[in-house]
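User: I'm new to protein structures and I'd like to learn how to read one. Could you walk me through it feature by feature?

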Amino acid sequence: MSLLRVEDLSVVYDEGDGTAFEAVKRVGFELDQGEFVGLVGESGSGKSTLGFALTRLSKPPARIAGGRILFDGTDIAALSIEEVRTQRQGGFAMVLQSGMNALNPVRTIRNHFMDIFAAHGHVPPRARAARAEELIAKVELPPATLNRYPGELSGGMRQRVSIALALSLEPRLMVFDEPTTALDVLVQHAVMNTIRQLQASENFTAVLISHDLGVVLEATQRVLVMHDGVIVEDAPSERILNAPQHPYTQMLLSHYGDPRAAEVSVPGLDRRAEGEARPAPDTGAVSGARTAGAAARQRLGAREPIVVSHLTKVYPKGRRGAATRAVDEVSFTLEPGMSMALVGASGSGKSTIAKLITGVERPTSGTIAFGGTRIDTLRGRRALKQLHSEVQMVFQDPYAALNPLHTVEYILTRPVENFTGLRGGAARARVRELLETVGLTPVEKFASRLPHQLSGGQRQRVVIARALASDPQVIIADEPVSMLDMSLRAGVLALLEELRRTRGVSMLYITHDLLSARLVTDRILVLDKGVVVERGDTAEVLQRPQDDYTVRLLDAVPSPRG
């Protein structure tokens with residue numbers, strides 16, 4: 001008999017007006033003991049809703065509207081909350097996407113284990129300390145981790161803690177919901193190795209939920225593809241990779257690529273071949289596109305490069321250790337119209353460099369020159385405002401970057417007024433122009449919407465439009481697609497490339513995603529612990545890396561084809 005049998009399962013979200021939205025539609029499948037299965041699909045496909053239902057963690061307004069979830073022969077969909085709680089120990093557990101959100105920030109990791117042991121009573125009091133140390137060792141963390149708080153741990157460490165907490169229930173089924181989405185490629189690789197090793201050694205059935213088909217195909221034996229609440233394909237991973245049957249599966253697979261390949265392409269983006277010249281930016285078009293307010297102001301850089309020389313940033317000694325040298329003697333030049341990638345794992349110094357270039361923080365030593373302006377010596381709000389009219393940020397999380405209480409029109413009108421001096425009808429016309437530039441048309445439809453009424457890709461386009469409101473010369477894009485589905489990433493990357501080509505915008509592209517760096521950048525700098533370990537033409541560096549750290553980054557990229 002299968003460990004888990006799902007029959008005609010439907011999950012709905014009750015709307016405030018009495019209607020219900022069906023997120024999971026009469027789904028059925030079986031899982032055997034010890035299977036490692038992927039559940040893949042884009043945001044809104046119903047995969048996370050299904051995962052929560054399988055572990056009975058659904059909360060209002062979500063509810064199971066029909067069907068059965070037979071776990072070891074028992075229909076857990078029909079059990080009360082108290083009955084489900086008794087089933088969890090030795091039954092099923094879930095690891096959530098964000099390790100920080102899954103942990104209580106004011107309790108130590110040891111307290112988290114003790115709470116679980118006390119709630120389920122499956123570990124005698126005298127054995128609890130030793131059991132916590134045993135579990136934390138299983139996920140390759142030192143015993144001292146138990147005495148720390150979640151905020152003192154890295155993202156990868158928090159995710160390992162979440163896995164250990166789930167293991168404490170000795171489950172036979174574990175559901176992992178996007179466990180590596182927010183992690184850099186090296187940490188993602190390490191966490192996935194830990195999950196695979198634990199699944200093999202503990203012999204639990206695993207369901208890996210992800211929108212990244214590359215990660216799923218590399219890790220799992222079988223893949224369920226979900227689209228619009230329905231499982232549209234269920235096949236061994238090898239067959240999904242080499243002979244996908246459903247058009248949606250084929251679309252997902254088309255957005256996977258190897259940054260090391262001689263030729264790289266994904267739908268919606270121009271093919272990138274080794275040594276192929278890219279279209280030069282049409283900087284002459286920029287002046288003609290300027291609004292009256294933007295053209296009238298004094299420009300800081302006048303289409304000059306940003307020159308970073310011997311940049312160093314040292315953070316003072318913290319409570320638990322020595323001073324941190326976040327950026328160490330970094331030098332580079334971002335030419336007008338160039339797109340340059342800063343790549344590296346978390347903690348490599350990428351985002352710190354962005355903060356220094358935008359004047360948010362000041363360097364310990366070194367210089368940052370933009371035309372005749374020294375960014376590293378700027379003082380006062382007026383000088384920084386003038387800098388930010390020319391150098392703008394596109395942030396990683398489009399959900400957190402927009403005020404949920406304001407409409408898109410209001411969000412864009414504020415920077416238009418602040419940077420260009422336009423008011424009234426002229427400002428609204430500029431907002432419409434920005435929405436058209438980022439492809440949010442018809443503009444009347446999107447201008448009146450609130451952020452929660454937009455998809456992730458649409459929200460990120462609003463963030464880009466806001467960055468363009470001042471008509472900047474430079475955009476610093478800090479992990480702009482890491483929170484988006486595969487198909488949405490291509491659209492945002494294509495937009496950034498179009499801005500570079502048609503408006504002459506220079507772009508500093510910060511990422512740990514080497515495929516996207518290959519697709520949209522000319523040059524690349526590889527950072528490790530604040531030091532530039534390799535630089536050069538993007539295709540050249542990614543195809544023929546010279547530094548061991550670059551090789552490690554590339555080896556960590558999911559490679560289903562081996």
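Analyst: Sure, let's start with a hairpin. Keep in mind that this is a predicted model. Strand 21 and strand 22 form a hairpin with two residues between them, and lysine 529 in that turn has a positive phi of about 55 degrees.

User: How many bridges join strand 21 to strand 22, and do they run parallel or antiparallel?

Analyst: Six bridges join them, and the two strands run antiparallel. For one pair you can look up, leucine 527 stands opposite valine 532 in strand 22.

User: Which strand pairs with strand 21 in the parallel sense?

Analyst: That's strand 15 (residues 339-343), which pairs with strand 20 in the parallel sense too. Between strand 15 and strand 21 (residues 523-528) there are four bridges, and alanine 341 has isoleucine 524 as its bridge partner in strand 21. Between strand 15 and strand 20 there are five bridges, with leucine 342 opposite isoleucine 510.

User: And what does strand 19 do next to strand 20?

Analyst: Strand 19 (residues 474-478) pairs with strand 20 over five bridges, in the parallel sense. Valine 474 stands opposite serine 506 there. Now follow the chain: strand 19, helix 19 (residues 486-503) and strand 20 make a right-handed β-α-β unit.

User: How do I tell whether a strand is buried or exposed?

Analyst: Go through its residues; the cut-off for buried is under 20% relative accessible area. In strand 20 (residues 506-511), six of the six residues are buried, so this strand is largely enclosed by the rest of the structure. Then check its two faces. Ser506, Leu508 and Ile510 are buried on one side, and Met507, Tyr509 and Thr511 are buried on the other, so both faces are covered.

User: What about the order of strands in a sheet? Which strands form the open one, and in what order?

Analyst: Four strands form it, in the order 14-13-16-17, with antiparallel pairing. Its edge strands are strand 14 (324-334) and strand 17 (373-374), each pairing on one side only. Further in, strand 13 (residues 306-315) and strand 16 (residues 365-370) run antiparallel and are joined by five bridges. In strand 16, the bridge partner of threonine 312 is serine 365.

User: Can we zoom in on one residue of strand 16?

Analyst: Try alanine 369, which lies in that strand. Leaving out residues up to four places away in sequence, alanine 369 touches Pro305, Ile306 and Val307. You can also check a distance: the C-alpha atoms of alanine 369 and isoleucine 357 are 9.1 Å apart, with their positions 12 residues apart along the chain.

User: Next, helices. How long should helix 7 be?

Analyst: Use 1.5 Å a residue. The 18 residues of helix 7 (residues 185-202) should span 26 Å, and the end C-alpha atoms are 25 Å apart, which agrees. Look at the ends as well. At the start of helix 7, a side-chain oxygen of aspartate 184 comes to within 3.0 Å of the backbone nitrogen of leucine 186. Just after the helix, asparagine 203 takes a positive phi of about 55 degrees.

User: Is helix 6 buried or exposed?

Analyst: Of its 13 residues, 11 are buried, so helix 6 is largely enclosed by the rest of the structure. Among the buried ones are Gly156, Arg158, Val161 and Leu167. From first C-alpha to last, helix 6 reaches 19 Å, close to the 18 Å expected.

User: Which residues touch the most other members of the largest nonpolar core?

Analyst: That core has 46 residues, and the ones that touch the most other members are Ile109, Phe113, Ile136, Val161, Ile163, Phe176 and Leu208. Helix 6 (residues 155-167) gives the largest share of this core, six residues. Apart from this core lies another, of 44 residues, among them Val463, Ala465, Met507 and Tyr509.

User: One last puzzle: where is arginine 518 found, and what does its side chain reach?

Analyst: Arginine 518 is in helix 20 (residues 514-520). With a relative accessible area of 2%, arginine 518 is buried. Its side chain reaches the backbone oxygen of proline 259 at 2.8 Å, and also that of alanine 261 at 2.7 Å.

Note on methods. Residues numbered from 1 in each chain as written. Predicted model: local features only at pLDDT ≥ 70, side-chain atom pairs only at ≥ 80, totals over all residues. Heavy atoms only, no water. Core = buried A, V, L, I, M, F, W, Y, C linked by side-chain atoms within 4.5 Å. Buried < 20%, exposed > 50% of the residue type's maximum accessible area, 1.4 Å probe, protein only. Pairing = 2+ DSSP bridges. Right-handed = clockwise from strand over helix to strand, strands pointing away. Expected span 1.5 Å × (residues − 1). Polar contact = N/O pair within 3.5 Å; in protein donor to acceptor, adjacent residues only side chain to side chain. Contact = heavy atoms within 4.5 Å.
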